[in-house]
Each structure stands twice: as structure tokens, then as C-alpha cells.
Amino acid sequence: MRRTFVSVVQDALKLLWEDIKDMKWAIIFFVAYFVFGKKYLHSLCPMVMITGLPCPGCGLTRALFCLLRLDFSGAFRMHPFIYPIAFYAGIFGWNRYIRKQNMGSLLKALVLLSAVAMILFYIWRMLKFFPGDPPMSYYSRNLLRCVGIAGRRFFVDILHFPW
């Protein structure tokens with residue numbers, strides 16, 4: 001029996017609501033992290049805050065906002081992998097909420113291949129553009145550097161080690 005458009009939308013919204021309820025704590029944590037991070041931290045990326053280095057996904061959020069503003073070239077400049085990620089998210093949503101099927105093995109393989117390509121692109125981008133304009137910039141007030149400076153001051157100033 002064929003489902004009507006209205007029943008497909010109702011079923012999809014019901015399944016989406018169930019997914020949201022199942023992930024409520026993850027969503028609450030995610031929202032709290034972004035609210036706290038936006039207000040008190042330099043960056044929302046944990047890798048940038050800890051190491052000062054951009055991560056393979058640096059620029060994806062900015063690329064998503066460019067995409068939502070229909071600035072396709074700006075999105076590509078920020079992070080070219082926004083397009084495969086948006087494609088995979090669309091296919092996942094279609095399969096999960098409209099077709100009510102699990103992700104196929106081909107799509108899983110494509111996601112894995114894209115992840116490997118994204119890491120290779122990250123290495124190339126680090127070698128070619130780092131440090132440079134955002135998102136390929138260095139954050140000097142990162143945790144590792146601050147701990148290193150504090151540790152050095154402790155050993156030199158307090159314990160009088162000759163470093």
C-alpha cells in the first residue's frame with residue numbers, strides 16, 4: 001500500500017521526535033557546550049583549545065553557514081568537504097525518515113572514504129597554508145602552551161632548575 005504525502009511527513013516527524021527524545025542528554029550537552037564556548041572560549045573546537053592547531057574539521061561550521069547563505073564559493077573556500085557531508089546528511093535523512101531504512105553499506109564506505117580523504121586534505125592544507133588565514137591559524141593561548149609556560153616558570157622560578 002502506498003503511503004500518502006501527509007502520512008509520510010507525519011511518520012517522518014514522529015520518528016524525528018523519537019530520535020530527539022532518545023538523544024536529549026547529548027543535545028542538552030551540545031547546546032550547553034556551544035553556549036558556554038561562545039561566551040567564554042576563543043574557539044569551540046577542543047583541538048584548537050588544547051593544542052592551538054586547527055583540526056581536520058576546522059572551517060566546516062563556517063562553511064555550513066556560507067552554504068545556508070547560498071555563498072557556495074565561500075563554503076568551498078572555508079572547507080571543500082562541506083559538500084560531501086551535506087550530501088551524506090541528506091541521504092541519511094532520506095533513508096532514515098522517509099524510506100525508514102538503515103544506512104547502506106555503500107554509503108558507509110563512501111563516508112569512510114571521505115573521512116580518509118578529509119584527513120589527507122588536512123595534511124596537505126597544514127603543509128601548504130599553516131599558519132595563515134582562518135581556519136588555518138594558530139591559537140597561541142592554547143592549553144598545552146599555557147601548561148608548558150606555567151611548568152617552566154614553576155621549575156625555573158620556584159625550584160631554581162637551570163633550564
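**A tour from Asp-19 along helix α6**

Start by selecting Asp-19, which is buried (under 20% relative accessible area, with a 1.4 Å probe and protein chains only), at a relative accessible area of 10%. You are looking at a predicted model, where local features need pLDDT of at least 70, side-chain atom pairs count only at pLDDT 80 or more, and totals for chains, interfaces and linings use all residues. Residues are numbered from 1 along each chain as its sequence is written, and side-chain values use heavy atoms, leaving out hydrogens and water.

Now add Arg-96. Its side chain meets that of Asp-19 in a salt bridge, 2.6 Å from N to O; the term means a side-chain nitrogen of Lys or Arg within 4 Å of a carboxyl oxygen of Asp or Glu. Arg-96 sits in helix α6 and Asp-19 in helix α1, so the pair ties together parts 77 residues apart in sequence. Helices here are DSSP runs (H or I, at least four residues), numbered from the N terminus.

Next, select residues 82–98 to see all of α6, which has 17 residues. Which of its residues are buried? Pick out Ile-82, Tyr-88, Asn-95 and Tyr-97. Look down the axis of α6: these buried residues fall within an arc of 165 degrees (taken from the directions from the axis to the C-beta atoms), so they line one face of the helix.

Move on to Lys-100, which follows α6 and has a positive phi, near 55 degrees. Add Asp-11, its salt-bridge partner, with the closest N and O atoms 3.6 Å apart. Asp-11 lies in α1 and Lys-100 in the loop between α6 and α7, so this pair ties together parts 89 residues apart in sequence.

Notes. Helix = DSSP H or I, 4+ residues; strand = E, 2+ residues; numbered from the N terminus. Expected span 1.5 Å × (residues − 1). Buried < 20%, exposed > 50% of the residue type's maximum accessible area, 1.4 Å probe, protein only.
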